[in-house]
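Colleague: I should like to understand the terms used for this model. May I put some questions to you?

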Amino acid sequence: VEGRQTNRSALGARIEVEVETPHGVKTHYAVVSTGGSFGGSPLTQHIGLGDAARVRRMAVTWPRSGKVQTVENPGLNQRVKVVER
């Protein structure tokens, strides 16, 4: 994620990923933060999806505006870049 109105590193952005699994629909959450020191928490987000068979959607809530950007059906094992609009 890359902020434009929000800080460029998108610190504080909330990410929600909704997936279909053999056990039903699950939602994974992440918040962009520095979270540590000495590069222990890279700003690139890696969100483990477990036994997901399909990603339904990914939504990013931007901290400055509160706007939500959604990517529908982004695919498994993909790198997705979301730039704040």
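**Terms and values**

Modeller: Let us begin with E84, which touches E2, G3, R4, Q5, T6, W62, S65 and Q69, leaving aside residues up to four places away in sequence. A contact here means heavy atoms within 4.5 Å. This is a predicted model, in which local features need pLDDT of at least 70 and side-chain atom pairs count only at pLDDT 80 or more, while totals for chains, interfaces and linings use all residues. Residues are numbered from 1 along each chain as its sequence is written, and side-chain values use heavy atoms, with hydrogens and water left out.

Colleague: Why is E84 called buried?

Modeller: Buried means under 20% relative accessible area, exposed means over 50%, and partly exposed lies in between, with a 1.4 Å probe and protein chains only. E84 has a relative accessible area of 5%, and therefore it counts as buried. E84 lies in the segment after strand 4.

Colleague: What makes T6 buried or exposed?

Modeller: T6 has a relative accessible area of 4%, which is under the 20% limit, so T6 is buried. T6 belongs to the segment before strand 1. Not counting residues up to four places away in sequence, T6 touches L11, W62, P63, R64 and E84.

Colleague: Which class does N77 belong to, and why?

Modeller: The relative accessibility of N77 is 81%, which is over 50%, so N77 counts as exposed. N73, at 45%, falls between the two limits and therefore counts as partly exposed. Both N73 and N77 are found in the segment after strand 4.

Colleague: What is notable about phi in N73?

Modeller: N73 has a positive phi of about 50° although it is not a glycine. Most residues other than glycine have a negative phi. N77 also has a positive value, near 50°, and is likewise a residue other than glycine.

Colleague: How do you know how many helices and strands the chain has?

Modeller: Helices (H or I, at least four residues) and strands (E, at least two) are DSSP runs, numbered from the N terminus. By this rule the chain has zero helices and four strands, in the pattern β-β-β-β along the sequence.

Colleague: Why is the chain said to be as compact as a globular protein of its length?

Modeller: The radius of gyration is taken over C-alpha atoms, and the globule rule is 2.2 Å times the number of residues to the power 0.38. The rule gives 12 Å for 85 residues and the chain has 13 Å, which is close, so the chain is as compact as a globular protein of that length.

Colleague: What makes strand 1 and strand 3 a pair?

Modeller: Two strands pair if DSSP finds at least two bridges between them. Strand 1 (residues 14-21) and strand 3 (residues 54-61) have seven bridges, so they pair, in the antiparallel sense. One of the bridge partners in strand 3 is M58, opposite V17.

Colleague: How do you know that strand 3 and strand 4 pair?

Modeller: Strand 3 and strand 4 (residues 68-72) have five bridges, so the requirement of at least two is met, and the pairing is antiparallel. In strand 4, V71 stands opposite M58, and T70 is the bridge partner of A59. Strand 3 and strand 4 form a hairpin with six residues between them, and G66 in the turn has a positive phi of about 80°.
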